[in-house]
There are 4 protein chains.
Amino acid sequence: MTDRPRELGVALIGYRFMGRAHSNAYRQVGPFMSPSLTPRMKVLCGRDAGAVAEAAASLGWEETATDWRDVVRRDDIHLVDISTPGDSHAEIAIAAAEAGKAILCEKPLANTVGEAEAMLAAVEKAEVVHMLCHNYRRIPAVMLAKRMIDAGDLGEIYHYRGTYLQDWVVSPELPLLWRFRKEKAGSGALGDIASHSLDLARFLVGEIAEVSGDLETFIKERPLLEDPSRTGPVTVDDAATALVRFADGALGTIEGTRLALGRKNYNRFEINGSKGTVAFDLERMNELEVYLESAPPASRGFRRILVTDPEHHPYIDSWWPPGHIIGYEHTFTHTVYDLLEGIAGGASPRPDFEDGVRNQRVLDAWERSARSRRWEGV
Amino acid sequence: MTDRPRELGVALIGYRFMGRAHSNAYRQVGPFMSPSLTPRMKVLCGRDAGAVAEAAASLGWEETATDWRDVVRRDDIHLVDISTPGDSHAEIAIAAAEAGKAILCEKPLANTVGEAEAMLAAVEKAEVVHMLCHNYRRIPAVMLAKRMIDAGDLGEIYHYRGTYLQDWVVSPELPLLWRFRKEKAGSGALGDIASHSLDLARFLVGEIAEVSGDLETFIKERPLLEDPSRTGPVTVDDAATALVRFADGALGTIEGTRLALGRKNYNRFEINGSKGTVAFDLERMNELEVYLESAPPASRGFRRILVTDPEHHPYIDSWWPPGHIIGYEHTFTHTVYDLLEGIAGGASPRPDFEDGVRNQRVLDAWERSARSRRWEGV
Amino acid sequence: MTDRPRELGVALIGYRFMGRAHSNAYRQVGPFMSPSLTPRMKVLCGRDAGAVAEAAASLGWEETATDWRDVVRRDDIHLVDISTPGDSHAEIAIAAAEAGKAILCEKPLANTVGEAEAMLAAVEKAEVVHMLCHNYRRIPAVMLAKRMIDAGDLGEIYHYRGTYLQDWVVSPELPLLWRFRKEKAGSGALGDIASHSLDLARFLVGEIAEVSGDLETFIKERPLLEDPSRTGPVTVDDAATALVRFADGALGTIEGTRLALGRKNYNRFEINGSKGTVAFDLERMNELEVYLESAPPASRGFRRILVTDPEHHPYIDSWWPPGHIIGYEHTFTHTVYDLLEGIAGGASPRPDFEDGVRNQRVLDAWERSARSRRWEGV
Amino acid sequence: MTDRPRELGVALIGYRFMGRAHSNAYRQVGPFMSPSLTPRMKVLCGRDAGAVAEAAASLGWEETATDWRDVVRRDDIHLVDISTPGDSHAEIAIAAAEAGKAILCEKPLANTVGEAEAMLAAVEKAEVVHMLCHNYRRIPAVMLAKRMIDAGDLGEIYHYRGTYLQDWVVSPELPLLWRFRKEKAGSGALGDIASHSLDLARFLVGEIAEVSGDLETFIKERPLLEDPSRTGPVTVDDAATALVRFADGALGTIEGTRLALGRKNYNRFEINGSKGTVAFDLERMNELEVYLESAPPASRGFRRILVTDPEHHPYIDSWWPPGHIIGYEHTFTHTVYDLLEGIAGGASPRPDFEDGVRNQRVLDAWERSARSRRWEGV
């Protein structure tokens, strides 16, 4: 049929947590969001052939592969989705760019600024569509905050206050997973969760100019996976705090920790401007709290907006009637939708690899500051 | 001095829970609210001379007395405050009215409609100022709700949804206090707490025309105070539920229970109208939740108004700067202030004894309905 | 392969709101929940051939049909899913039962008690698996409440307090949709949303013995769809309130309204027992509030349990790590999972058609009581 | 009478906001808390004779004076309460100490570390009882948090996260009050509100060793009081942020700002330890949120403890039954009670002047760090 959406061959590299979330997005984007291009779930790629086969059957991929090098070159693949750990992003992305593929890369873009810059250079040279997957930008409540800020509803921004709190590493019995080792993970709470909060800071407030950062590893040894009777050193932070200064002068605080008992996925921010305030908490991701000074004085107060109105709230017209909330994985579906529209239109949606580079530079300044014990420029 | 407020001699009958709360109001109304008349705390009255003396010393009363009959006739007493249990209200109030005194009477006005009507007749005949102490009307958040409703902000009212939940009788070990005996207390949760919710319903929505009520006593026997090895029957309800119809057609539900674990003083109401909604919870009595359809669609939501703004919120200019909350006893101070202004101006503030009679009629219809198992007119 | 799940041919009758939600459940149950039987999305059925074809393409159905009579007899169909309006449920379900098919039927089971009883008789006679789709029973937080109640954590139950509040009919400009006409919809807020609250009451507390119910239609005329310059009468309720008595003596209040501004999908209940309380709100469906008297006195309080723990909370091991919330449509996926397991094991999961009959009898008593103005037995 | 509490003559220097709050405490401590010593409200002191006389009449002081030097030497004065702005604290306190008086001094103890140290030396030399009025330590919810931490309920402390947010300076029309001038106020948000948060940090977690602080003045000019057509420079901060390190290794963030629209008095902290978390918000000061890992896994969650139980919660047995909340000024009454007991027993209650010195040193390090752009030791 002439009016059928064109198909786009997708290869997904990686099939764990992010692999499941991305696969779901490719399955759901069609039925719910009717994108201009239809993703065809061609190849799932991973090193363990058996595990990949099982995952592909469950997640809905047509084929499997164990070497991403072959995959990124295939003619029937148009989009390469990189959902592996950060230390392999650069190699895969650069190869995919050279092969002329559109790329979706999980955050963080890379483990170092250098790698990130090389990736950006590659996609720019190849002139391919590139996107960084910071899915929380596409929560309807976050996007609504963005709209309000862009419309000037908050006025001049004075403060960003971001905390991403989790508690899954509190038990000292938890073994020395790869996430606790710097050579694999790059960093701990910093790159894993504080990076989300700083990406939202850049998205909502603007570029960060300077950082005074602190890092700590409270639980310094953990049982070895291979022999729990012995322990090995944790070489990444489990808590990260920072003061920041935005380029336009606003003040910020950003914190990520894995040691905040009771906070399961508490990615919270509050932004105060000269005309109003917005606040958000990922654990209640369908809500946005808003205070507007423009309301009549006697009835000013924080509004809990249930961001589920198909007529008035971002992305919701794809889902359910008012008050019927959406969940975590929907944020990836929105991301994939915007990526597909970007590919259809030939433009890289934000956040792109340049955002990835900028995020990485802030993380780098944070780490430098934690060592130098002084403010560092980004 | 010519501009000093005139003094008003006060006698307080009763010195337990309500006696403490009323005494505090007379002490605090001057320093904080500067009423037109200054209450002078003349006489505290109760049957146990020793206990009264101790209470008077602690609460700040000049003298004590053991017979209210003498007290209500004294020339230096201008205001009689009745804070005894409900079964003695009528006799005291009628005598005070006949002696030409202004009267503040704790709720419920009486234990029966007949007594309440006799009291109203007495104060009307004597042309004295009379006021019923339903202190929750004078919570700033409740008064703000009243203002909004009167201003038409909620439009036509469709629903009142009132629940007053407590949990203090859950333990079956709690002895057979006088509050569990009908001859003393009149009723249980019905008159004690559901009556507050229905007074607020009348205050905020209007007169109640019909009731379908239910009453239950879940814990039917309790240890005797005098001999805990034996038990006696509980003769009042511990839970009361009702559907009501307001004269103007709105629907209501009202519930009072002493068996809602975790709810300590949860006097909550929600009112839905054609233009908006208000909701209130006594456990967070400095807040009012408001939803206004008139807000821009994308930013509609329940506002949590912190009702602490001296410039814009009722009664608050007597207290502290924004965000500095007030407590339970302040509601009595507001009540006494309005009473003093009423006496100064010669007008009975609402709720007055007529409100007391009307409240009693609703309670009576509720009890009749619980027996007849059908709707009863008020 | 011997260990591949067996396939089950599914036909879905109806493709609007519920059709979308059910289709999603069939697509998602495999990738996320690995049921014993794999649903194969064979036929989507509806009267408008073009619309059905479009829906089938979007929702993932292999074929379409316009006459359900043909569909329910097909040999390759093993499960008939009825997602049409209530007035057609009985005819389709009885035919499907006679054809020996397992049946999933959207709530309400029927528009009358008589129809519901006939449907139950048919499935019992045919000995087919039957299930009523009351999806909210399978919200993890609701199921956790059920577990706690069954384990005795709340002790003896005293109170059920259920309100299902929405606000979508507030505008009098909204036209006279079929939902406002009794001949099509059966009833208004009563059958549409109050029925959810009473199903949860029966699920969590037990059978309802008596009802004192009230019904009201506040907005009595609406513009005709075909000619908005004229209006026609609304013949269903837009608000429904009731007192109920459970067979075991507990007291309940249940309310459904479409006129509670700001409440978008506020299906809230609170249950008080002799040892604790649970409270739930659909707008925050990933949370359960729990108060347990067994906690140490100084630290008793309402706990906000984020019901997202794969290790400890119902259904969550199929989804994401702690704190990553799920959405509305997941409740259907859980329902379909339990249905598939039921079919695999040859047993009808609750709620089944008998629950449907019992729910219908309560609704019937409610309507009778609204007319008789007295309590009616169920 | 032999068992009457002994009287203690009190002089209060200053009669504005804090003067009103302290006066109320002296009036209320007797009736509600029955301290061992009865405060007698002898002298109110201020420079404007007329204003002081009016205040004394309203607030309940027997006499007035205009020179604090005379007052602190009077034989009938045993307690000197200093409620003036910070720049006069040192002089008054040192004179009072030399006169052998017990001293209650409003926070901050002084505007500089040097002054604070001199004050501490004076009270130690004179061996008088001294107390710093940081009233928020004596909020029942805060004291409950303290008890839980001291009992080890939270385990090892990892994080303190304190924010004190207000919004009263947002309007640029607000004139150049003395609070905006460094020579009078010492600092802005830093000393006024961030200082509360750091005092709570020290109270609940321990001594602070190092600070990386930032300060900003967003609104740099304001209309002159004397001539609103001209403006003058704001010489204090309106926003202050800091990272801190506690002596025992815990990480902290502390922020004070007067530019957070909608936050009226949002003194919030959260403390995460190895066994649990507590969180508090002054705008809901009767509540403490607690998460305890020791709860059964399926029912873990943040508890909202309504800290109003006379049997189990600090200070509450002086007030009302459960669920009847207290207000802002009660915290001063608790403070005065503990001071009176301290004087009766001859011991200085915490926080004392040594706490004042330590708080001042942290503020000083914060200011030094804001200049040096590096971490500074306390």
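Which residue of β4(B) does B:Ala11 stand opposite? In this predicted model, the residue opposite B:Ala11 is B:Val80 of β4(B). This report begins with the sheet around that pair and then turns to domains, a helix and chain contacts.

**The sheet of chain B**

Strand β1 (residues 6–13) and strand β4 (residues 79–82) of chain B run parallel and are joined by four bridges. Both strands belong to an open sheet of six strands in chain B, whose order is β3-β2-β1-β4-β5-β6 and whose pairing is parallel. The edges are formed by β3 (63–65) and β6 (130–133) of chain B; each has a single partner strand, so one side of each is left without a neighbour in the sheet. From one strand to the next, the twist averages 25°. Helix α2 (residues 49–59) of chain B packs on this sheet, where it touches β2 (37–45) and β3 of chain B. The direction of α2 of chain B makes about 155° with that of β2(B). As a general point, strands of a sheet pair through backbone hydrogen bonds, either parallel or antiparallel.

**Two domains in chain A**

The domain assignment divides chain A into domain 1 (6–136) and domain 2 (140–284 + 286–326 + 348–377). The C-alpha centres of these two domains of chain A are 25 Å apart. Their contact takes 22 residues from domain 1 of chain A and 25 residues from domain 2 of chain A. On the side of domain 1 that touches domain 2, the elements giving two or more residues are α1 (17–33), α5 (113–126) and β6 (130–133) of chain A. The largest share of that side, six residues, comes from α5(A).

**A helix of chain A**

Helix α10 (residues 353–372) of chain A has 20 residues, which at 1.5 Å a residue should span 28 Å; its end C-alpha atoms are 28 Å apart, so the two values agree. Of these 20 residues, 14 are buried, and α10(A) is therefore largely enclosed by the rest of the structure. After α10(A) comes A:Arg373, whose phi is positive, near 60°.

**Contacts between chains**

Chain A touches chain B through 15 residues, and chain B contributes 15 residues to this contact. Strand β16 (residues 302–306) of chain A supplies the largest share of the chain A side, five residues. This strand runs antiparallel to strand β16 (residues 302–306) of chain B, and three bridges join the two. Within this pairing, B:Phe302 is the bridge partner of A:Arg304.

The contact between chain A and chain D takes 29 residues from each of the two chains. Five strands of chain A each supply at least two residues of the side that touches chain D: β7 (157–165), β8 (208–216), β11 (239–246), β12 (251–257) and β14 (276–281). Among these, β12(A) gives the most, with four residues.

The table sets out the residue classes on three of the contact sides described above.

| Side | Nonpolar | Polar | Charged |
|---|---|---|---|
| Chain A, touching chain B | seven residues | four residues | four residues |
| Domain 1 of chain A, touching domain 2 of chain A | 15 residues | four residues | three residues |
| Chain A, touching chain D | twelve residues | eleven residues | six residues |

**A residue of chain C**

C:Glu124 lies in helix α5 (residues 113–126) of chain C. With 15 other C-beta atoms within 10 Å, C:Glu124 is partly exposed. C:Glu124 and C:Thr333 are 209 residues apart in sequence, and their C-alpha atoms are 25 Å apart in space.

Key:
Residues numbered from 1 in each chain as written. Chains lettered and ligands numbered in written order. Predicted model: local features only at pLDDT ≥ 70, side-chain atom pairs only at ≥ 80, totals over all residues. Contact = placed C-beta atoms within 7 Å. Nonpolar A, V, L, I, M, F, W, Y, C, P; charged D, E, K, R; others polar. Pairing = 2+ DSSP bridges. Domains from an automatic or database assignment. Expected span 1.5 Å × (residues − 1). Buried ≥ 20, exposed ≤ 12 C-beta atoms within 10 Å, placed from the backbone. Axes fitted to C-alpha atoms, helices over the stretch in contact; angles between N-to-C directions.
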